[in-house]
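Pull up the model and keep the sequence alongside. We'll start from a single side chain and work outwards from there.

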Amino acid sequence: ASLLAPADVSQGKGLFATRSIRKGDTIFVERPVVASQFLWNALYNYKACDHCLRALETAQENAQRLLGRSSQVLPHPEQCSIRKDLHQPCPQCQVTYCSAECRQAAWEQYHQVLCLGPARDDPAHPLNKLQEAWRNMHYPPETSSIMLMARMVATVKQAKDKDRWIKVFSQFCNKTANEEEEIVHKLLGDKFKGQLELLRVLFAEALYDEHLSRWFTPEGFQSLFALVGTNGQGIGTSSLSQWVHACDALELPAAQREQLDAFIDQLYKDIEK
Ligand SMILES: [Zn+2]
Ligand SMILES: [Zn+2]
């Protein structure tokens, strides 16, 4: 899940086409303000860069995991874009990044505040308690993550120019209290009031900061929650589908092309089983 500037008219800003657009055209590229892997998705061991969410497993490993078949081999391994030699762990907590650049960017923006160090697997750590509570309220299919909010707070906590970041986050549209409640209700279900309060207490325990005291009040926390609920976007990253795209673009003799296409068709059929 990542937080993007709203691209839908009902959500504040609009995007209008001035030429015809073909299927597959890139029309808009935007870097998320913060991004975070869905928590169940991470618990199920899908490995993604902790900063940009790029897949960390190779296309072949991706296929093996989806098939539950560790012997699966993919042809044209050179078409896989995953570069394991570039992966870098955080030396304190061992979360993994796709590159030194991502490790550095995360460290400079929010990870100094959120790095769990050796407490990474300690269930009593406030950040782990927060994530556990979130998982127990928000089951797959996941549409958001409490860690987006944690990264927003951590970004401001770490920033020298806190006002700049507070301004960045406040440009996401503001809703009335009723509209906010509606969004929280959708995300958390019928018992949302008690759950929101539980999350707020855990959130404050883990991240309270006096510069941001408004975000930790019941009203402010609900607004923050609604902001993430409205502007968050689910994004998918899959090394297998990237490999398939690269294979589609290969120039091959007709017989080989036919064979590769048949292989890929069968692979997808097996995965769907
Ligand atoms: Zn990355
Ligand atoms: Zn760390």
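Have a look at Trp 215 in this predicted model. Which residues does Trp 215 touch, if you skip those up to four places away in sequence? The list runs Met 152, Val 153, Val 156, Phe 169, Gly 220, Phe 221 and Leu 224.

Now zoom out a bit. The largest nonpolar core has 52 residues, and Trp 215 is among those that touch the most other members, together with Ile 146, Leu 188, Leu 199, Phe 203 and Phe 225. Two or more core residues come from each of α3, α4 (126-137), α5, α6 (162-170), α7 (177-188), α8 (192-207) and α9 (218-231). Which of them gives the largest share? That's α5, with nine residues. The core also draws on both domains, taking at least three residues from domain 1 and at least three from domain 2. There's another core too, lying apart from this one: it has 17 residues, including Tyr 46, Cys 80, Val 244 and Cys 247.

Since α5 came up, let's see how it sits against a neighbour. Helix α3 spans residues 100-114 and helix α5 spans residues 146-158; their axes are 8 Å apart and the packing angle is about 105 degrees. Angles of 65 to 115 degrees count as roughly perpendicular, so that's the label for α3 and α5. On the α3 side, the meeting residues are Trp 107, Glu 108, Gln 109, Tyr 110, His 111, Gln 112, Val 113 and Leu 114, while α5 brings Ala 150, Arg 151, Ala 154, Thr 155, Lys 157 and Gln 158. Sorted by class, this contact has six nonpolar, five polar and three charged residues.

Next, try α7 and α8. Here the axes are 9 Å apart and the angle is about 90 degrees, so α7 and α8 are roughly perpendicular as well. From α7 you get Glu 181, Val 184, His 185 and Leu 188, and they meet Phe 192, Lys 193, Gln 195, Leu 196 and Leu 199 of α8. The split for this contact is five nonpolar, two polar and two charged. Two names should ring a bell: Leu 188 and Leu 199 are also on the list of residues touching the most other members of the largest core.

Finally, step right back to the whole protein. The chain divides into domain 1 (2-53 + 122-233) and domain 2 (57-97 + 238-273). Taken over C-alpha atoms, the centres of domain 1 and domain 2 are 31 Å apart. Their contact uses seven residues from domain 1 and eight from domain 2.

Methods: Residues are numbered from 1 along each chain as its sequence is written. Chains are lettered from A and ligands numbered from 1 in the order in which they are written. This is a predicted model: local features need pLDDT of at least 70, side-chain atom pairs count only at pLDDT 80 or more; totals for chains, interfaces and linings use all residues. Side-chain values use heavy atoms; hydrogens and water are left out. Axes are lines fitted to C-alpha atoms, for helices over the stretch in contact, and angles run from 0 to 180 degrees between N-to-C directions. Helices (H or I, at least four residues) and strands (E, at least two) are DSSP runs, numbered from the N terminus. Angles under 35 degrees count as roughly parallel, over 145 as roughly antiparallel, 65 to 115 as roughly perpendicular and the rest as oblique. Contact means heavy atoms within 4.5 Å. Ala, Val, Leu, Ile, Met, Phe, Trp, Tyr, Cys and Pro count as nonpolar, Asp, Glu, Lys and Arg as charged, and the others, Gly among them, as polar. A nonpolar core is a set of buried Ala, Val, Leu, Ile, Met, Phe, Trp, Tyr and Cys residues joined through side-chain atoms within 4.5 Å. Buried means under 20% relative accessible area, exposed over 50%, partly exposed in between (1.4 Å probe, protein chains only). Domain bounds come from an automatic or database domain assignment.
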